Amino acid sequence: MTSRSYDVLAGAPDSPVVLHVPHSSRVIPPDVRDGILLDDGELDRELDHITDAHTAEIAAEAAAAAGATPWQFVNRLSRLVVDPERFPDEREEMLAVGMGAVYTRTTHRAVLRPAGFDPAPLIDRYFTPYAEGMAAAVAGRLEATGRAVIVDVHSYPSGPLPYELHGEGPRPPVCLGTDAFHTPPALLDAAREAFGRFGGLATDTPFAGTYVPLAYYGKDPRVSALMIEIRRDVYMSEPGGAAGPGLQALGAALAALVDAVPPHPAG
């Protein structure tokens with residue numbers, strides 16, 4: 001489907017791993033652009049700040065290097081269209097700064113969309129199909145392997161931006177986001193081993209949690225998940241600049257994490 005906002009890149013049939021890349025794109029369809037109040041220069045600068053630049057390339061490097069190719073689920077639209085990792089309702093804490101599933105404010109808390117903007121059409125057109133697609137990808141791994149392991153690939157700026165609700169915490173080179181239900185200790189330990197050589201890492205700071213489709217969230221222990229948040233100065237020039245040699249090293253580390261995941265459930 002050419003209108004689909006995401007790509008599912010097939011991996012090995014026996015791999016349970018799905019590399020999820022939700023925030024790497026800068027693409028905004030013209031009709032969605034028409035609803036954004038920023039001029040072109042302002043929008044370009046906002047995309048520099050909000051986009052997890054080059055994370056799709058990091059995932060692709062990992063997929064190419066891993067012993068068993070993981071599956072990849074890659075958002076091909078900017079998170080300024082919809083943010084597929086937000087709750088689509090009042091559960092989302094980022095609503096407090098105008099950054100729920102459909103953003104109405106920028107990273108610097110400027111107005112992005114007009115007052116009274118109705119997010120429902122964007123939710124229906126983009127958010128819901130994306131969520132259904134990711135749930136289907138997880139279902140496929142469960143059917144094929146008896147488990148699914150979502151590795152959420154993100155990046156974040158070296159300095160806090162005004163929208164961050166928890167920006168006062170440490171900003172290590174690599175942040176590992178966890179969930180009490182969906183992140184088993186063995187997966188977290190494997191990530192610490194794989195990413196331990198980038199100058200430091202921490203858990204759930206400055207960003208916490210990880211993405212699991214709502215159909216499985218808090219319900220199905222066969223679905224494991226971990227978020228990898230990479231500080232951008234580790235691999236690129238900020239904001240929104242070119243990638244450097246750190247990208248290949250991070251791809252290799254992500255491949256090592258993928259390889260540490262056994263193809264079948266323990267026992």
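This report walks through the pockets, the cavity and the salt bridges of a predicted model.

## The largest pocket

Let's start with the open spaces. The largest pocket holds about 980 Å³ of space. Its lining is made up of 47 residues, and the ones closest to the centre are E85, R86, E92, A208 and T210. If you have the structure open, those five residues are a good place to begin looking.

Several elements give two or more residues to this lining: helix 2 (40-50), helix 4 (120-145), strand 4 (148-156) and strand 7 (223-231). Strand 4 provides the largest share, with four residues. Sorted by class, the lining of the largest pocket contains 23 nonpolar, 11 polar and 13 charged residues.

## The second largest pocket

Next comes the second largest pocket, with a volume of about 190 Å³. Here 13 residues form the lining, and L95, G100, A101, V102 and P119 are the closest to the centre. By class, nine of the lining residues are nonpolar, three are polar and one is charged.

## An enclosed cavity

The structure also has one cavity of 30 Å³ or more. About 40 Å³ of space lies inside the largest cavity. Its walls are formed by S5, N75, L77, V81, V82, P84, Y126 and Y130. Six of these lining residues are nonpolar and two are polar, while none is charged.

## A salt bridge between distant parts of the chain

Now for the charged pairs. Across the whole structure, a search finds 13 salt bridges. One of them joins D52 to R232, with the closest N and O atoms 2.9 Å apart. This pair links distant parts of the chain, as its two residues are 180 residues apart. D52 sits in the loop between helix 2 and helix 3 (55-65), and R232 lies in the loop between strand 7 and helix 6 (246-260).

Are the two partners buried or exposed? D52 has a relative accessible area of 2%, so this residue counts as buried. R232 is buried too, because its relative accessibility is 4%, and the cut-off for buried is under 20%.

## Two further pairs and a network

Another salt bridge is formed by R171 and E164, whose closest N and O atoms are 2.8 Å apart. R171 is buried at 13% relative accessibility, and E164 is buried with a relative accessible area of 9%.

R231 and D233 also form a salt bridge, with 2.7 Å between the closest N and O atoms. In this pair R231 is buried, at 18% relative accessible area, whereas D233 is partly exposed, at 38%. D233 falls in that class because partly exposed covers the range between the buried limit of 20% and the exposed limit of 50%.

Some salt bridges share partners, and through them D52, R79, D83, R86 and R232 are joined into one network. Two of these names have come up already as a pair: D52 and R232 form the salt bridge that links distant parts of the chain. R86 has appeared before as well, among the residues closest to the centre of the largest pocket. As you look over the model, R86 therefore ties the two topics together: a residue of the pocket lining and a member of the salt-bridge network, with the salt bridges themselves defined by a 4 Å limit.

Terms used:
Residues numbered from 1 in each chain as written. Predicted model: local features only at pLDDT ≥ 70, side-chain atom pairs only at ≥ 80, totals over all residues. Heavy atoms only, no water. 1 Å grid on protein atoms, 1.4 Å probe; cavity = no way out; pocket = protein on both sides within 12 Å on 5 of 7 lines; lining within 4 Å. Points joined across faces, edges and corners; volume = space filled by probe spheres on them. Nonpolar A, V, L, I, M, F, W, Y, C, P; charged D, E, K, R; others polar. Salt bridge = Lys/Arg side-chain N within 4 Å of Asp/Glu carboxyl O. Buried < 20%, exposed > 50% of the residue type's maximum accessible area, 1.4 Å probe, protein only.
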